[in-house]
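Hi there,

Here is the structure I promised to send over. Have a look at it first, and then read on for what turned up in it.

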Amino acid sequence: MKMDFEMRRGGRKLVLAAVSLAVCTNGCTYFADKPETYPEKFAPAATDRAWAPNSVAASEYVIPMQARPANTLPEPRVTHTGNTYDLPVLIDVALSNNPDTRRTWLQARAAAASYGASHAPYYPVVSTEAQGAYSRRIFELPGQDGVLKQWRVTPMIELTYTLLDFGRRNAGAAAARDQLAAANFSFNRKLQDVVFATQRSFYSIGAAKAAVQAAEQNVELAKTDDEAVTRRVDLGLATEPELLLSRQRVAQSQYDLASAHLLVREAQANMAVALGVAANTALDVPSLESLPIPAGLGGEVDQLIETAVRQRPDLAAQVATLDARRAEVDRAKAEFFPVVGVSGAYGDQSWGFRFDGTPSVKTSQPQYAGVLTFKWDIFTGFKRLNDVRVAEANRDAAGAQLRSLEVDAISAVWRAYYEFQTALKRYDYARALLAASNESYAANLDTYKQGLSTIVELLTADRDLANARYTIVQSRADLLTSSAAVAYAVGAVEMPIRP
């Protein structure tokens, strides 16, 4: 019996040891996967290896489908026909769909709410509070214990109002108002950014498409030259090196055509960014040939600079930011003065108690108070002094930023003005160059067929004509883009007229 008891006791020890080991193992495993015990497991393991997220994290931190950009162009609010989108239609889509415009719009609305909140200190603060409690207490009495059971309810309404704060509220409201103006002007400038980006991308797509057409014409031109050389070689009037030169020209023209197609895709990708849609959105724009060429700017450079300084939204936003920083200086200086206010409270105290089985005693009494408050921080460890220094430094930095933006704006207008003037002249020169290149190539092709010129002269004329075609396309796009750039630099970007 004793041996049997010992065996049973040993078995129980083994079972307890196994259970303890299992609990310890499971507990260690549990805590081994917890960030509070081993946080380094949730960070990159080494400096030279990328972090590999687990399956949960890999699916959790993915842009939701509803938040991804659309791969179809949203329906514009202005009328249009066909599948070709003209510039006003694309600008309308960009303004309503670009996420940057929505972001700055929401920032302006947040600033408007902050401006409203800045007026809260002008109003009294009314609050209510109610406390309810029940207690049971034991008292030591001679020869016995006493039990006191008590309940009470104390509802209270309080009102506090600042009578005099020496400019704190005014400065805070002024700073919020100026910050709202800065957010509104920044929103206006962001709209101009989007419009100009759309214009630039539109002209780039048109130029790239025209470059494809020119490249296709150049391929046909190179093939025509190759056919002419081949016929002369067959007649024994041209040599094999001449034929190789013509084949080289065909290959070069085909390479240029492939590059031109790539430029179209790049321009479409830039347009997709401006429109706020996916780059694989189907998009077609009319040819640059259908767009009118601007004849001039309607003002001299000094007039345009004066207009830019006066009306550019980003400059106005910085002026508003500077005013806000000045108000913050006034707010910091007001902290040196006391605050005078009043407060009042009214409520009711209802309570009851019962001691050692005696009848319950209940009562209800009003309670109220009126207080005139005066608070003045005499010494704050130089905090207020340094707060003023911070505010003044921020004010001066905002002033320096304004001067820097003004210099940049003047430079942008100056540069855009002369780029437009140069583009206008280059477009006229490009037209003359194209006409002369056409005549030169026709004459060289005719004389080569008659054996009066060499293959080098023909291919040179071919190359010059090809370059002239690219030049006229690019010069037209540069002229249109530079005209839009002047309006953007001046801050006179035209917005669509909404009904």
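Let me start with the enclosed spaces. Please keep in mind that this is a predicted model. The count comes to two cavities of 30 Å³ or more.

The largest cavity holds about 40 Å³ of space. Its lining is made up of 10 residues, and those nearest the centre are Gln268, Ala272, Val277, Thr281 and Leu283. By class, that lining has eight nonpolar residues and two polar ones, with no charged residue.

The second largest cavity has about 30 Å³ of space. If you would like to find it on your screen, look for Ala210, Ser287, Leu288, Glu289, Ile472, Val473 and Arg476, which line it. Helix α10 gives the most to this lining, with three residues. Here the classes come out as four nonpolar, one polar and two charged residues.

Next, the open spaces. How much volume does the largest pocket have? The value is about 420 Å³. A total of 15 residues line this pocket, and Leu87, Gln199, Tyr203, Ala484 and Glu494 are the ones that lie nearest its centre. Three elements give two or more residues to the lining: α3 (87-97), α5 (168-234) and α10. Of these, α10 provides the largest share, with four residues. Sorted by class, the pocket lining has 12 nonpolar residues, two polar and one charged.

Since α10 has now come up in both places, here is how it packs against another helix. Helix α7 covers residues 301-311 and helix α10 covers residues 455-490; their axes are 8 Å apart and meet at an angle of about 50°. That angle is above 35 degrees and below 65, the range that counts as oblique, and α7 and α10 are therefore oblique to each other. On the α7 side the contact is made by Leu304, Thr307, Ala308 and Gln311, while α10 brings in Val486, Ala489 and Val490. The residues of this contact are five nonpolar and two polar, and none is charged.

One more helix is worth a look. Helix α9 runs over residues 383-449, which makes 67 residues. From its first C-alpha to its last it reaches 92 Å, close to the 99 Å expected at 1.5 Å a residue. What happens to the backbone just after α9? There, Gly451 takes a positive phi of about 80°.

That is everything I have for now. Happy browsing, and do write back if you would like to go through any of it together.

Best wishes

Methods
Residues numbered from 1 in each chain as written. Predicted model: local features only at pLDDT ≥ 70, side-chain atom pairs only at ≥ 80, totals over all residues. Heavy atoms only, no water. Axes fitted to C-alpha atoms, helices over the stretch in contact; angles between N-to-C directions. Parallel < 35°, antiparallel > 145°, perpendicular 65-115°, else oblique. Contact = heavy atoms within 4.5 Å. Nonpolar A, V, L, I, M, F, W, Y, C, P; charged D, E, K, R; others polar. 1 Å grid on protein atoms, 1.4 Å probe; cavity = no way out; pocket = protein on both sides within 12 Å on 5 of 7 lines; lining within 4 Å. Points joined across faces, edges and corners; volume = space filled by probe spheres on them. Expected span 1.5 Å × (residues − 1).
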